[in-house]
Amino acid sequence: MIFNEDSRVKIPAIVHLTRLGYTFLPKSDMVNIHPETNIFKDLFKEGINKINPKKFSDSKITHFISELDIKLSYDDLGKAFYKCLCGDFECKLIDFDNFDNNLFHVVTELTYKNGEEEFRPDITLLINGIPLAFIEVKKPNNKEGVLAERNRIDTRFKNPMFKKFMNITQLLMFSNNCEYDDDPVAPIQGAFYATPDKEKVKFNFFREEDTTIYHNVTPLDIDIENQILLDNNIVSIINTEEYKTNNHVNTPTNRTITSLFSRSRLSILLKYGIAYVTTTEKSVTKTEKHIMRYPQLFATLAIEKKLSSGIKKGVIWHTQGSGKTALAFYNVHFLRDYYSKQNIIAKFYFITDRNDLTIQASNEFHDRGLKVEVVSSREDFIRNIQNPGASAANTGEQTITVLNIQKFSADSITIAPEYNLNIQRIYFLDEVHRSYNPHGSFLYNLIASDRDAIIIGLTGTPLILDKINTVDIFGDYIHKYYYNKSIADGYTLKLIREGIETKFSSDVKSILENIETEEGSLNKSKLFAHKKFVTPLTDYIVRDFLRSRDIHGDNSIGGMIVCDSSEQARMIFAELSNTGKSDNETLTDSDNVVSYSIAAENKTIKAALILHDEDTKSIRKDNQTAFKQGEIDILVVYNMLLTGFDAKRLKKLYLARVVKEHGLLQTLTRVNRPYKNFRYGFVVDFADIRSEFDKTNRAYLKELQKELGNEFTEYSNLFKSYEEIEAEIKDINEKLFEYDFSNIEEFQKVISRISDKSTILEIKKSLENLKSLYNIIRLMEYRDLLKIFPFDKVKILLTEVSNRIDTINLKSNLENDSENTNLLNIALEKIHFDFKKISEHELSITDKFRDWLEKARRELEGNFDKKDPRFITLFEELKRIFKKKNIEELSSEEMNGVVKTLESNFKKSRDLNIQNENIATKYENDTKYAKVHKRIVENNYLKDFSSKAVLHDVLISIKHKIDIMVINNYNILDNEAVFFAETKSIIIEVLEEKGIEDMKLIEFINSNLVKEYFYERAA
């Protein structure tokens, strides 16, 4: 039996693509291919002549391909080619206006070759003969997951020999046909998508939010399916249960193919979902190619839906780090065309509430290729808003105006254009959780500037106060994407709070007494800015920072000190300038950057002070840039950079004050950006933020609850007898009773959901025993014993189990890697600080509670056996959590405890559901008999059958006989007494065949079965 990567994943994926409207091209038809670009010349000519108003000759087609070949040779990640694809070419390459008008083909094993170098993607997708996407597949639980494939792709794309192939490819997909892991440390299993990049391909999860797209998949064409199987020499799998399973539209691979490559989705991703981003690091400028993340895609579709229904304002709640500026960029192009089709000119504005965020947003849009107009005065804005063109300069370039909300005034009002132009202004409001007071003038001026403007609010932390809510000001949510989901998708990191020993707090009293004696009464802010406080504080921070670099084995991570006051910030910065001089003179680079040296450790760090009234804007900007590029190690701040400042290398946040309300989460999430292999961002808490964090979390929990509504082996004796071997096999059969071996693909799905390594190892041990017994059976020629178990599948089953163990081990290794670095150095380090870390725990945002609550509830709802004592226990546990009236008053630690309870509840419910499903599979997925089977075992009647296998034989025989009786006389279910008598007769007959005559057992089975049949009918 063929059971490999091709039969399990690749062929079903190709077949599924034909259901989505792609034409399969057999290997014999893969001819006349341009060797430099892999463009299929005949298909290219056919497609181009179809979508363009004029027909092109062969020589002109050859000219077009030559021009594209030149563009693809640029060292620009395909940017020049992508512009051609989107319309900047002599002819139309893709018809985006009528996407169905293009030609769509799928091929397999297309060779990408340059000289001696070559590779062959599993599946390549062509549009008008141009290879724009490819799919790499692996079998489930393959060793190293899809990481190995990504590493291979990284190696290929770094190879200059494959530059043209990288530049022509827009979309990549990788899948090992497994469901996503609940808590991924890396993309080991699942279906992921990406776009090419020379440095490192960035994998994205895709979680479908509109499942109606699966309903649009057309039925399978048998003739096309046969053609695919014949062309790949694999016709033998056609009627196997495994192939039928993998051919289903709902497999992880096929679902993601539908989500990405359905024409409606692919057209959006190709035209609006690609961004070329210019970045500068250590004075080196480079270009990265990004692709729209799935929450950005669904937010874009949600905006379109709102606008089409006539709604002109709303809020997008996407957590910090999820790419809200990028979302605005994608929508500038999407909404430009949306309104262009209505003969309306769209004019875009991005509005911030701080000058530093205005500069940052301007840079981000500029880096993505937009022309940015920055408004520097109210007079500039008056001129801008009264200009009817899409850009102030009317250059024709796509433009966005970026400004501070303070630039809106009573005079910045739109005027009717002199010409017959339809203008639609679109305001993206950044961070709408602050500075937009409905009682102030700024918000009024903004709304009054254009009463017909579309207002799209962006926030990661909605404003939820007693009297003012974000949605009350800006309208209902358009789309939501929460922090916990962002962590699961790898876009943001978890946060770890490091508590500091309270001993220092007691020392504050004596310090305060000394200062009061010398200088009189001081307030706390002055105390915290006093040298007697600042010196040990700074010393602890510096040593902790260096220690963190040692622990993680990474000297590139950066830190930020959030000070209690500007005075304290200056004192800490001064301390960094002066401390250590006695051992090793401090190196002063400039007036605003200092180098702090510790002679004993021979380590130097650089720090910069960022205050609104310190240095010039230019110097502050340069220091921020230098920090992002790794030239400065620590930033000392007070109120600046607590929001909107994104630096991936920032991994240590030192909090010397409590930041209030929504600003707290904004501040904390400065350290949550993915960076290298880090799994956490670290918050060193001197000020004890726990109370404020809990208060803020409770406010968000109230907002989140609106969505919940009311639902809250080896054998050494070769000379075993026939009877001994038979007993061994039956014993193993009993242990493995819950697992279905008739369909290996279904078996793989079951074990892929098991995370407990001991359970998997037990299965492996049993299978290894069967493998050994099989060899003995063949040697001793005990052929009858081969009927007891499907021995022909043992080898494949054992491989699948071993693969699952490898996956579990890989995840475990990835989790532990970062913990085992340079531990020897740490163990030898002398501890001599005034401050000491005393605790460490995760700062769990409340949407984690919401997610696990929903998961646990859904998993329990999916249980078909509500009488199971284990279900009842889990249900009661969840009900107690639902009924807790004071859930919003729990502290962060208490909430973590509730979350752990919910997580445990979910996992136990999932395990119970897996067991139920396994038993139901034994009874042809008839849950009635699965429940009766369980009731028999629970009530200690199993002893009457000697084994679960015998019990199964009895019940399945009863099932077939009763079902035939019902089919022949359906009216029998109208009379419960008659049905009871007939089923009892059948049960007696089947049990007598097994030599069982216990009337109490007969009555028990009959009573339960009759109840199940009538319950099913009533439902």
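Select strands β20 (residues 558-562) and β24 (residues 650-655). In this predicted model, the two strands pair in the parallel sense over five bridges. To find one of these pairings, pick valine 562, whose bridge partner in β24 is leucine 655.

Now add strand β23 (residues 634-637) to the selection. Four bridges join β23 to β20, and these two strands run parallel. Glycine 559 has isoleucine 634 as its bridge partner in β23.

With β20 still selected, show the side chains and then the rest of the chain around them. Is β20 mostly covered or mostly open? The strand is mostly covered, with five of its five residues buried. On one side are Gly558, Met560 and Val562, on the other Gly559 and Ile561, and both faces are covered.

**Leucine 611**

Next, go to leucine 611, in the loop between β22 (603-610) and α22 (617-628). Is this loop residue buried or exposed? Leucine 611 is buried, at a relative accessible area of 3%; the cut-off for buried is under 20%. Leaving aside residues up to four places away in sequence, leucine 611 touches Ser566, Ala569, Arg570, Arg620, Tyr638 and Met640. Draw a distance between the C-alpha atoms of leucine 611 and arginine 570: they are separated by 9.0 Å, while the two residues are 41 residues apart along the chain.

**The seven-stranded sheet**

Move to the open sheet of seven strands, and colour them in the order β1-β2-β5-β6-β7-β8-β9. The pairing in this sheet is mixed. Its edge strands are β1 (23-24) and β9 (204-205), each of which pairs on one side only.

Within the sheet, select β5 (residues 123-127). Five of its five residues are buried, so the strand is largely enclosed by the rest of the structure. Ile123, Leu125 and Ile127 point one way from β5, and Thr124 and Leu126 point the other way.

Add strand β2 (residues 104-108), which is joined to β5 by five bridges and runs antiparallel to it. Two places to look are valine 107, with threonine 124 as its bridge partner in β5, and threonine 108, which stands opposite isoleucine 123.

Then add β6 (residues 130-137). β5 and β6 also pair over five bridges, in the antiparallel sense. Isoleucine 123 of β5 stands opposite isoleucine 135 in β6. The two strands form a hairpin with two residues between them, and asparagine 128 in the turn has a positive phi of about 50°.

Stay on β6 and pick glutamate 136. Its relative accessible area is 5%, and it is buried. Apart from residues up to four places away in sequence, glutamate 136 touches eight listed side neighbours, among them Arg120, Asp122, Glu149, Arg156 and Phe174.**Helix α2 and a cavity**

Select helix α2 (residues 41-51). Its buried residues are Leu43, Phe44, Gly47, Ile48, Asn49 and Ile51. What covers them includes α3 (58-72), β2, β5 and β6.

Turn on the cavity display and choose the second largest cavity, which holds about 60 Å³ of space. Which residues line the second largest cavity? They are Tyr22, Leu125, Ile127, Leu132, Ala133, Leu171, Phe261, Leu266 and Leu270. β5, β6 and α10 (263-272) are the elements that give two or more residues to this lining.

**Helix α12 and a pocket**

The last stop is helix α12 (residues 324-340). The helix has 17 residues and reaches 24 Å from its first C-alpha to its last, close to the 24 Å expected at 1.5 Å a residue. Look at asparagine 331, where a kink of about 25° in α12 is centred. Of the 17 residues in α12, 15 are buried, so the helix is largely enclosed by the rest of the structure.

Finally, display the second largest pocket, with a volume of about 680 Å³. Of the 21 residues that line it, the closest to its centre are Tyr82, Lys83, His333, Arg336 and Gly369. At least two lining residues come from each of α4 (79-85), α10, β10 (274-281) and α12. Which element gives the most to the lining of the second largest pocket? α12 does, with four residues.

Note on methods:
Residues numbered from 1 in each chain as written. Predicted model: local features only at pLDDT ≥ 70, side-chain atom pairs only at ≥ 80, totals over all residues. Heavy atoms only, no water. Buried < 20%, exposed > 50% of the residue type's maximum accessible area, 1.4 Å probe, protein only. Contact = heavy atoms within 4.5 Å. Expected span 1.5 Å × (residues − 1). Bend = angle between axes of the 7 residues up to and from the residue. Pairing = 2+ DSSP bridges. 1 Å grid on protein atoms, 1.4 Å probe; cavity = no way out; pocket = protein on both sides within 12 Å on 5 of 7 lines; lining within 4 Å. Points joined across faces, edges and corners; volume = space filled by probe spheres on them.
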